[in-house]
Structures are given as C-alpha cells and as structure tokens.
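Here is a briefing on one chain and its ligand. Please look over the sequence and structure before reading on.

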Amino acid sequence: MVDFIAPVIVAQNLQKKFGELVAVDGINFTVEKSEVFGFLGPNGAGKTTAMRMIQCVSPKDDGKLEVFGMDVNTHQKEIKKNIGVVPQENNLDPDFTVYENLFVYSRYFDIPKKESKERVNSLLEFVQLEEKKDVMTYMLSGGMKRRLILARALVNNPSLLILDEPTVGLDPQARHLLWEKIRGLKKQNVTIVLTTHYLEEAAYLCDRLVIMDYGQILIEGDPDDIVKKYIGSDVVEVDNTKPVISCLNKTDINYETLDSTVQIYTNEPKDISDRLMKECEFEKITVRSATLEDVFLKLTGRKLRE
Ligand SMILES: Nc1ncnc2c1ncn2[C@@H]1O[C@H](COP(=O)(O)OP(=O)(O)OP(=O)(O)O)[C@@H](O)[C@H]1O
C-alpha cells in the first residue's frame with residue numbers, strides 16, 4: 001500500500017468521447033485519502049467510463065487526471081499496482097475454485113507464495129467464504145460471487161479500491177452483507193471510490209458523492225447535506241388532482257408535480273400537513289423523509305431508476 005497524503009485522485013476538466021458521444025464531459029472532482037467517494041447516477045451517466053480512466057484501462061481524451069499524484073497516461077503501471085477493482089460484471093474464472101481464483105490472481109503481483117497463501121486465507125475469512133474455498137465459482141450465489149470479487153480486488157493490499165456497481169442485482173440481504181464488508185474496509189482507512197444507481201447505497205456508504213447525469217457532475221457534497229440543502233428534511237405528498245392543485249394555488253405553499261403525486265419539500269412537515277388539512281381539507285396526506293432520489297428528481301425532472 002502506498003502512503004500518500006495529498007488527494008488520492010484529482011480530476012480537472014476530465015473528458016472522454018466515443019466518436020461523437022461525450023461520455024464524460026469536463027468533470028472536476030477530488031478524492032481524499034481514507035474517504036468513501038461515490039458516483040451516483042442513472043444508466044449511461046458516464047460513471048463506468050470515469051472509473052475506467054482512473055483504472056488506466058481507458059485513456060482520457062482531455063483534461064487532467066492524477067491518481068496518487070501521477071498522470072494516468074504516463075504512469076499506468078505504478079498506478080495499477082496500487083489499485084483494486086470490483087468491476088460491474090462477475091468476471092471470475094469459471095475453471096478455478098474459489099481459492100484458486102484468488103491465489104492465481106495473487107501471482108500477478110510480486111507477492112511471495114507463502115505470503116500469498118496467508119493473504120488469500122485471511123481474505124476468504126473476511127468475505128465469509130472459507131467454507132466454499134474448494135467450490136467451483138459457478139456454484140456460488142450472486143452475493144457470494146460479488147464477495148469473492150471483492151476479496152480478489154484486495155489481494156494486492158490496494159491503496160485505492162474501485163467498486164463499480166458493487167451490489168447490482170443482489171437481494172437486500174446479500175446487499176447488506178456486502179455493505180458491511182465495505183464499511184469494514186472503510187474502518188481500515190482504505191480509500192474507496194464507488195459507482196451506484198442505488199441511492200440507499202450511496203447514502204449509506206459515502207462520505208461524499210457526486211450526482212452525474214449525461215456525462216456531467218450536477219452536484220457534489222455530503223449525502224445528508226445535499227438532501228437538506230436541496231430538499232429539506234421531509235417530503236409531504238398528496239394526490240395530483242385538479243381540486244388539489246387549485247386549492248394549493250390559493251396558498252403560498254411551493255410544490256412540484258410528479259405524475260400522480262404533488263410533492264412539497266419542507267423542514268416543517270407538521271405545519272404543512274396541518275395547513276393542508278385546514279386550508280384545503282385534504283384527507284390523504286403522506287409525509288416521508290427526503291432522499292437523494294428527490295434531489296435527482298428536482299435537478300433533472302427524472303427518476304434515477306426509470
Ligand atoms: N466503449 C464504448 N463505446 C461507445 N460508447 C460507449 C462505450 N462505453 C460507454 N459508452 C457510452 O458512454 C455513455 C456512458 O456509459 P457508462 O457505461 O460510463 O455509463 P454508466 O453511468 O456507468 O452507466 P451503467 O451504470 O449503465 O454502466 C453511454 O452512453 C454508453 O453507451
């Protein structure tokens with residue numbers, strides 16, 4: 001693991017094009033040591049493309065991108081040596097057992113054989129797969145495969161861990177188990193960059209995040225602060241009907257319409273509910289905590305997951 005005090009990643013005006021398509025459109029961000037930094041955004045936002053540039057597997061077209069203080073275009077070997085990657089797809093070797101997948105991978109790094117064996121065993125324990133060590137990978141559940149890929153990404157004791165949609169397609173139980181493993185790594189001060197389109201995942205794991213859409217960063221900050229700043233603490237919802245709208249228009253309450261609901265963003269949900277009951281005689285009023293989904297919706301007019 002390299003010891004590094006300056007920001008782990010610095011991106012300035014970073015750009016990537018595929019022909020005419022600008023997949024990453026001049027983004028700026030900095031990832032500090034020991035933080036969990038998230039890229040939240042819908043499919044096609046440019047998250048994976050940004051990750052692939054950080055991993056030095058896809059060259060940038062323009063702008064600056066430094067990892068561990070080194071340029072990604074000129075220091076690929078040094079950077080790759082200190083990065084661990086959990087890619088979006090389950091790319092385990094189907095011809096190997098669980099143990100062999102880790103051990104063979106460890107041979108790509110200059111780790112002595114004895115040390116490799118110890119490291120693989122301790123990683124299997126960390127991801128709770130010791131009992132499956134002699135099993136072929138096709139026999140693992142989806143959650144087990146993702147945990148094994150996480151263990152593989154840790155084989156070289158990386159200073160930076162990149163998780164591209166780490167829990168995509170998993171059931172809630174498997175997702176929570178993986179989240180706990182990621183939190184465990186955070187406690188060990190591993191710097192983590194993760195992409196996700198699950199807002200709960202972003203809110204639960206990230207110290208800071210950016211919300212991306214169409215290759216651009218819309219917003220950056222602490223997940224709770226972002227929600228408080230753009231939405232407030234709560235969302236009061238009522239049905240979107242003509243009488244509801246006409247009554248709301250007689251008040252000074254600001255609202256947004258979304259398909260079948262009307263949403264009121266507020267820090268005073270009780271006051272708003274009381275007013276709606278009194279002034280408009282609404283009966284069906286729902287109050288819920290505001291989320292990053294509300295922020296995305298407010299900024300783009302679309303849902304994160306259509
Ligand atoms: N190799 C490629 N060639 C051409 N276009 C690409 C390539 N890779 C990505 N794109 C396009 O770039 C845009 C950003 O894709 P990217 O995979 O980075 O998005 P994403 O936010 O990671 O979404 P997802 O979660 O679906 O992977 C998309 O429009 C995608 O179709």
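Helix 3 and helix 4 cross at roughly 140°, and their axes come within 10 Å. That angle makes helix 3 oblique to helix 4. The model is predicted. The points below take up this crossing, other helix pairs, the ligand shell and some single residues.

**Helix 3 with helix 4**
- The crossing of helix 3 past helix 4 is right-handed.
- Helix 3 brings Tyr 99, Leu 102, Phe 103 and Ser 106 to the contact.
- Helix 4 answers with Ser 116, Arg 119, Val 120 and Leu 123.
- By class, this contact of helix 3 with helix 4 holds 5 nonpolar, 2 polar and 1 charged residues.

**Helix 3 with helix 5**
- Helix 3 (residues 98–106) also packs with helix 5 (residues 142–153): the axes come within 9 Å and cross at roughly 25°.
- Angles under 35 degrees count as roughly parallel, so helix 3 is roughly parallel to helix 5.
- This crossing, too, is described as right-handed.
- On the helix 3 side, Val 98, Asn 101, Leu 102 and Tyr 105 take part.
- On the helix 5 side, the partners are Leu 148, Ala 151 and Arg 152.
- The contact of helix 3 with helix 5 is made up of 5 nonpolar, 1 polar and 1 charged residues.
- Leu 102 of helix 3 appears in the contact with helix 4 and in the contact with helix 5.

**Glu 125 in helix 4**
- Glu 125 sits in helix 4 (residues 113–126).
- Glu 125 counts as exposed because it has 11 C-beta neighbours inside 10 Å, and the cut-off for exposed is 12 or fewer.
- The C-alpha atoms of Glu 125 and Ala 151 are separated by 9.5 Å, with their positions 26 residues apart along the chain.
- Ala 151 is one of the helix 5 residues that meet helix 3.

**Helix 8 with helix 11**
- Helix 8 (residues 223–230) packs with helix 11 (residues 292–300) at an angle of about 50°.
- The axes of helix 8 and helix 11 lie 9 Å apart.
- The angle makes helix 8 oblique to helix 11.
- The crossing of helix 8 and helix 11 is left-handed.
- Pro 223, Ile 226, Val 227 and Tyr 230 of helix 8 meet Leu 292, Val 295 and Lys 298 of helix 11.
- By class, the residues of this contact divide into 6 nonpolar, no polar and 1 charged.

**Ligand shell**
- The ligand is surrounded by 13 residues.
- The closest are Phe 18, Ala 23, Asn 43, Thr 48 and Thr 49.
- The shell has 4 nonpolar, 7 polar and 2 charged residues.
- Strand 2 (21–31) and helix 1 (47–54) each supply at least two of the shell residues.
- Helix 1 gives the largest share, with 3 residues.

**Helix 1**
- Is helix 1 largely enclosed by the rest of the structure or not? Helix 1 is largely enclosed, because 7 of its 8 residues are buried.
- The buried residues of helix 1 are Lys 47, Thr 49, Ala 50, Met 51, Arg 52, Met 53 and Ile 54.
- Thr 49 is among the residues closest to the ligand and is buried in helix 1.
- Cys 56 follows helix 1 and has a positive phi, near 65°.

**Positive phi in loops**
- Tyr 214 is not a glycine, yet its phi is positive, about 45°.
- Tyr 214 lies in the loop between strand 9 (208–213) and strand 10 (216–221).
- With 14 other C-beta atoms within 10 Å, Tyr 214 is partly exposed.
- Glu 281, also a residue other than glycine, has a positive phi near 55°.
- Glu 281 belongs to the loop between helix 10 (269–280) and strand 14 (286–289).
- Glu 281 is exposed, with 9 other C-beta atoms within 10 Å.

**Whole chain**
- The chain holds 11 helices and 14 strands.
- Its C-alpha trace spans about 75 × 45 × 35 Å along the principal axes.
- The chain has 306 residues, and 39% of them count as buried.
- Among contacts between residues at least 6 apart in sequence, 68% join residues at least 24 apart.

Technical notes:
Residues numbered from 1 in each chain as written. Predicted model: local features only at pLDDT ≥ 70, side-chain atom pairs only at ≥ 80, totals over all residues. Near = placed C-beta within 6 Å. Helix = DSSP H or I, 4+ residues; strand = E, 2+ residues; numbered from the N terminus. Nonpolar A, V, L, I, M, F, W, Y, C, P; charged D, E, K, R; others polar. Buried ≥ 20, exposed ≤ 12 C-beta atoms within 10 Å, placed from the backbone. Axes fitted to C-alpha atoms, helices over the stretch in contact; angles between N-to-C directions. Parallel < 35°, antiparallel > 145°, perpendicular 65-115°, else oblique. Left-handed = near helix turned anticlockwise from the far one by under 90°. Contact = placed C-beta atoms within 7 Å.
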